[in-house]
Amino acid sequence: MIIALVAGTAAATAVVAVTTPATAQPVDPAASARAAAGKADTLVAGRPQVLQASQHDAFQQRPVLSSNGLNYVPYTRTYKGLPVSGGDFVVMTDASGQTKYTSVAQSSPIGELAVTPKLTSTAAAEIAKAELKTFQSIEGTQLVVVAEEGRAARLAWESTVRGTGDEGISRLTVAVDALTGAVLRSTERVIDAAGTGTGWINGSVSIDTTQSGSNYLLQDPSHTTVRCQDAANNTTFSGTDNVWGNGTGTSKETGCVDAFYVAQKQYAMLGSWLGRNGQNGSGGAWPIRVGLNQQNAYYDGSQIQIGKNRSGQWIASADVVGHELAHGIDDTTPGGISRGGTQEFVADTIGAATEWFINNPNDAPDYQVGEEVNLVGSGPIRYMYNPSLAGDDNCYSSSTPSDEVHAAAGPGNHWFYLLAQGSSGGGSGQPTSTTCNGSAVTGLGIQKAITIMYNAMLMKTSSSSYVKYRTWTLTAAKNLYSTCAEFNTVKAAWDAVSVPAQSADPTCTAGGTTPPTTTPTTSPTNQPTGCTGTNGTDVSIPDRGSAVNSSITISGCGRAASATSTIAVNIVHTFRGDLRVDLVAPDGTVYNLKATSTTDSADNVNTTYTKNLASETANGTWQLRVQDAVANDVGYINTWTLTV
């Protein structure tokens, strides 16, 4: 089912700074957001290596998103004035604007790329149309740079076309190589695809409607884009008595009562639990249209379409409507719709949270998906506590990202259930859930679980994947809560569904700035081939202690080092003036990169140094040597890259 109901690899993601965890909403959220925007712009202006910027890149800040005392500043990128598809990133700050994390989609700079197309936009549009089974309309074509993670950047024409595809209704964005005419990527936008009312699922409910003259509309009076319409003519349901529906599931108006009620309750949940301003983040949502003549429901970027079950009843339950609206939430958080097989589990988590927030006894909260609508006569569509009951995998494997998107939701749904309820079900009549590694997990409750999930979504980039969601949720838990209990539960739940640990994963030690791992003072040697190398293994820097070293061995570079060699250094520290930083050549020659300073009280060393190393042989083991000369502040070498 398109209905988000039948149902990359790690990008350049780095901790830019770490401070004590946020524990409360700021007194003035607007001032906090302004501080975040300013500090993020300052960071970006320095063009740190993590951004993978070329000399032709420019960055555009988007509106700040805030949740539970943390701020997320998204950016888009242009290259020689053209939008970069895949060039997005997010800077996360605490309430004071202190940078805590930066999530970047690109894994390498674009370099030099010609931006004059050989193919015309008209020819590219014709190629895009051919990707559809039947063509209806085209929304436009623009010239872009496609920077897919792990692939060379390409100049492309990007068109969005409407019609039908193999799975039915389609709104497809197609990137066509502007030099060769090859289709580089196709992205489907159709995903899953105070009055009173009586719904066939939710029963008698209270809903806030809009009075228009002598009529009433199924439209929220404060948020006018939250409304329910007849899909036959896209007209908002209206009436003279402000009493809606008759409890019969085949009535479109009754279906709209259920859907509208869920949309308003989800709106309240987003504000109360997550600090989000409506489904679209700007105080609104998308029209919900009841009347799709399919066993289906979907979101396409402009609307929610609600279909029916085999008995002709409109499938507007809390988890279905909540799930479809969640696709819109996913679409309007940084990075757009989640990728790598994660989009359906992401929407399922928000659908489940919506059902639990509503807590309607006619649709009691649980972790089944679509149990009330009985879509095709066989009960629930998915089971979050045991995905295998619907034929989906409970445990993640390397094949999960390439599975059909609804089947790929299994491991993520299982993780979320363990995070919220635990392997024992956490009481309240919820079922036990068998873990993939035989472990026992104690849940955090639905509100904490969805808070962690949503804050991970605010770090999302266009290169999202299961393994990145592991890193993002761990980072969210670490920064949201003042102890490591929540962090440890997130980690245990991912381990329990076999999503592997990542080098970018943080670790948690409560109380102050600590390295992500407890490492020896000398880190393992990285042995790249070529004239550049990176060591991302963390090395603790003892407070007012002896120097520590991080090694890179260069091999296969049969020449002298360059007169313009670069050393990109990322050191996390709460008073960088305490630090002396040196580069030690293979022959023992010491090149000072940074001296100590009693007046430089800023956090962190995140700088690229240029040194004349022409007198040195490139091949050999190079050392980054760091010493903390003054007491009371601690930190660690996060990562460094040497290009000789």
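Which residue takes a positive phi in the hairpin of β6 and β7? Keep that one in mind for the first close-up; the views that follow come from a predicted model.

**View 1. The hairpin of β6 and β7, with β4 alongside.** The answer is G97, with a phi near 95 degrees, and the hairpin has five residues between its strands. Strand β6 covers residues 89–93, and five of its five residues are buried. Its side chains split two ways: F89, V91 and T93 point one way, while V90 and M92 point the other, and all are buried. On one hand, β6 pairs with β7 (residues 99–104) through five bridges, and the two run antiparallel. Look for V90 standing opposite S103 there. β6 also pairs with β4 (residues 70–79), again antiparallel and with five bridges. In that pairing, T93 is the bridge partner of N71.

**View 2. An open sheet of five strands.** Reading across, the order is β17-β16-β20-β22-β21, and the pairing is mixed. What stands at the edges? Those places go to β17 (235–236) and β21 (297–299); each has a single partner strand, so one side of each is left without a neighbour in the sheet. Elsewhere in the sheet, β20 (residues 288–290) runs parallel to β22 (residues 304–306), and three bridges join them. A handy pair to find is V290 and I306 of β22, which stand opposite each other. Now add helix α4 (residues 318–331): it lies across β20, β21 and β22, and runs at about 20 degrees to β21.

**View 3. The largest nonpolar core, plus another one.** The largest core has 61 residues. Y367, W415, F416, M453 and W494 are the ones with the most contacts inside it. Take W494 as a way in: leaving aside residues up to four places away in sequence, W494 touches F345, W415, Y466, Y469, R470, T473 and V499. Apart from this core lies another, of 38 residues, including I191, V205, V290 and I304. You've met V290 already, opposite I306 in the sheet of View 2. As a bit of background, nonpolar side chains in soluble globular proteins tend to be buried together.

**View 4. Helix α6, wrapped up by its neighbours.** This helix takes in residues 409–420, 12 residues in all, and reaches 16 Å from its first C-alpha to its last, close to the 16 Å expected. Is α6 enclosed or open? 12 of its 12 residues are buried, so α6 is largely enclosed by the rest of the structure. Among those buried residues are W415 and F416, two names you'll recognise from the largest core. Around them, the buried residues of α6 pack against α5 (343–358), β24 (382–383), α7 (446–457), α8 (466–480) and α9 (485–496). After the helix comes G422, with a positive phi near 85 degrees.

**View 5. The disulfide of C395 and C436, on either side of α6.** The S to S distance here is 1.9 Å. With -100 degrees about the S-S bond, this link is left-handed. C395 sits in the loop between β24 and α6, and C436 in the loop between α6 and α7, so the pair ties together parts that are 41 residues apart in sequence. C395 counts as partly exposed, at 29% relative accessibility. C436 is partly exposed too, at 27%.

**View 6. Two more disulfides, C484 to C508 and C531 to C557.** Start with C484 and C508, whose sulfurs are 2.2 Å apart. That link is left-handed, with -80 degrees about the S-S bond. C484 lies in the loop between α8 and α9 and C508 in the loop between α9 and β25 (532–535), 24 residues apart. Both C484 and C508 are buried.

Moving on, C531 and C557 have an S to S distance of 2.0 Å. The torsion about their S-S bond is about 100 degrees, so this disulfide is right-handed. C531 is in the loop between α9 and β25, and C557 in the loop between β27 (548–554) and β28 (565–573), 26 residues apart. C531 is partly exposed, with a relative accessible area of 25%, whereas C557 is buried at 1%. The chain has four disulfides, and they follow the pattern 1-2, 3-4, 5-6, 7-8 when bonded cysteines are counted along the chain.

Notes:
Residues numbered from 1 in each chain as written. Predicted model: local features only at pLDDT ≥ 70, side-chain atom pairs only at ≥ 80, totals over all residues. Heavy atoms only, no water. Core = buried A, V, L, I, M, F, W, Y, C linked by side-chain atoms within 4.5 Å. Buried < 20%, exposed > 50% of the residue type's maximum accessible area, 1.4 Å probe, protein only. Contact = heavy atoms within 4.5 Å. Helix = DSSP H or I, 4+ residues; strand = E, 2+ residues; numbered from the N terminus. Expected span 1.5 Å × (residues − 1). Disulfide = S-S within 2.5 Å. Pairing = 2+ DSSP bridges. Axes fitted to C-alpha atoms, helices over the stretch in contact; angles between N-to-C directions.
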